[in-house]
Amino acid sequence: MRLVTYTHSGMKPRAGALVDGDRFVLDLAGADRALYGGDNADFLSLLALIEAGDDAFDRAADIVKRAPDAALTPRAAVALLAPLQPPPQMRDCMCFETHIRQSYAAARQIRARAKGQAPMETGESPLEQRILKLFDQQPLYYKGNRFSVIGTDQDVLWPSYSNALDFELEFGCYIKRAAKDVPKDKARDFIFGYTIFNDFSARDTQSVEMAGQLGPAKSKDFDTGSAMGPCLVTADELSDPYALEMIARVDGEEWGRGNSASMRWTFEDLIAFISRSETLHPGEFLGSGTVGNGCGLEHLRFLKPGNIVELEVEGIGLLRNRVVRP
């Protein structure tokens, strides 16, 4: 299924599913009412559906298959929010080594230019080497601001303190049910589905605050800075999440592309690592981190006010956001 949270004609957010080649949105609660009668609390939101478990999932799949006309609305007539807005928890991980190495190299080029020196390619610093060594030993992640999550076609408000805004081409998974001390070979069973994630980043702020060695803060945590969507593709729809072409475009121009096949750490790795002595709850979101070539920094380019950023991930769809400087 291709599940969404949407609004239409001023109503409160509703749980739905994209059908008929994504041309229509099916109101899950309305469709259930038309087919079975009564009101089913499992379809009040996508989080409620996830928390309700396998029986609710199977019933939703049956509803989507039957899709009564009375519960359909043209996709063009609705506004899509993030699949879960907000999710119960969100963590963004570093899974792509190419992105890390290229970002470090780009940052060195920028620092050299700022000092009036000729840009040159140098090796990683001792700190960068330590981080890369740790990255090779275990997954690394930070916890983002879940209240900054927005959906496709919603504007991203440029943070007032930054002059170097960037995008990040990512995707991520939602947790299906409570997970604690999960072995890697069982972890796939705890993935409910996937979506695209754009982790907008204030690079000038990030370069300053990372010296504190506590991870990103205001470089990531600003209203509207975390875009997700356009839909949640359930795990049964993606036979291989590690063979997906990923493309980033700005105003229609391709800025970078990569493939999920290059992930050093899989979502199964992340679940096994994070769930050690800690419970992951239904609906929690784990981001993949930026795919190699998937941000402006790696290309020494940054966004401008008014830019429209489009992230496309094979099998999931297209996440589109305009950057607005108030």
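## Exercises on a predicted model

Proline 230 lies in strand β14 (residues 226–234). Strands (E, at least two residues) and helices (H or I, at least four) are DSSP runs, numbered from the N terminus. This is a predicted model: local features need pLDDT of at least 70, side-chain atom pairs count only at pLDDT 80 or more, and totals for chains, interfaces and linings use all residues. Residues are numbered from 1 along each chain as its sequence is written, and side-chain values use heavy atoms, with hydrogens and water left out.

**Exercise 1. Find what kind of peptide bond joins glycine 229 and proline 230, and what kind joins glutamine 85 and proline 86.**

Step 1. Start from the general rule: most peptide bonds are trans.
Step 2. Read omega for glycine 229 and proline 230: about 0°, a cis bond.
Step 3. For glutamine 85 and proline 86, omega is about 5°, which is also cis.
Step 4. Locate proline 86: the loop between β5 (79–80) and β6 (90–94).

**Exercise 2. Classify the packing of helix α4 (residues 97–114) and helix α5 (residues 126–137).**

Step 1. Two packed helices are described by the angle between their axes and the distance between the axes.
Step 2. Axes are lines fitted to C-alpha atoms, for helices over the stretch in contact; angles run from 0 to 180 degrees between N-to-C directions.
Step 3. For α4 and α5 the angle is about 170°, with the axes 11 Å apart.
Step 4. Therefore α4 is roughly antiparallel to α5. The classes are: under 35 degrees roughly parallel, over 145 roughly antiparallel, 65 to 115 roughly perpendicular, the rest oblique.
Step 5. List the contact (heavy atoms within 4.5 Å). Among its residues are Tyr104 of α4 and Phe135 of α5.

**Exercise 3. Do the same for helix α1 (residues 28–36) and helix α3 (residues 54–66).**

Step 1. The axes of α1 and α3 come within 10 Å and cross at roughly 80°.
Step 2. So α1 is roughly perpendicular to α3.
Step 3. The contact includes Leu35 of α1 and Ile63 of α3.

**Exercise 4. Describe how domain 1 (2–81) and domain 2 (90–324) meet.**

Step 1. Domain bounds come from an automatic or database domain assignment.
Step 2. The centres of domain 1 and domain 2, taken over C-alpha atoms, are 29 Å apart.
Step 3. Count contacts: 12 residues of domain 1 touch 18 residues of domain 2.
Step 4. Look for salt bridges (a side-chain nitrogen of Lys or Arg within 4 Å of a carboxyl oxygen of Asp or Glu). The rule finds two across the interface of domain 1 and domain 2.
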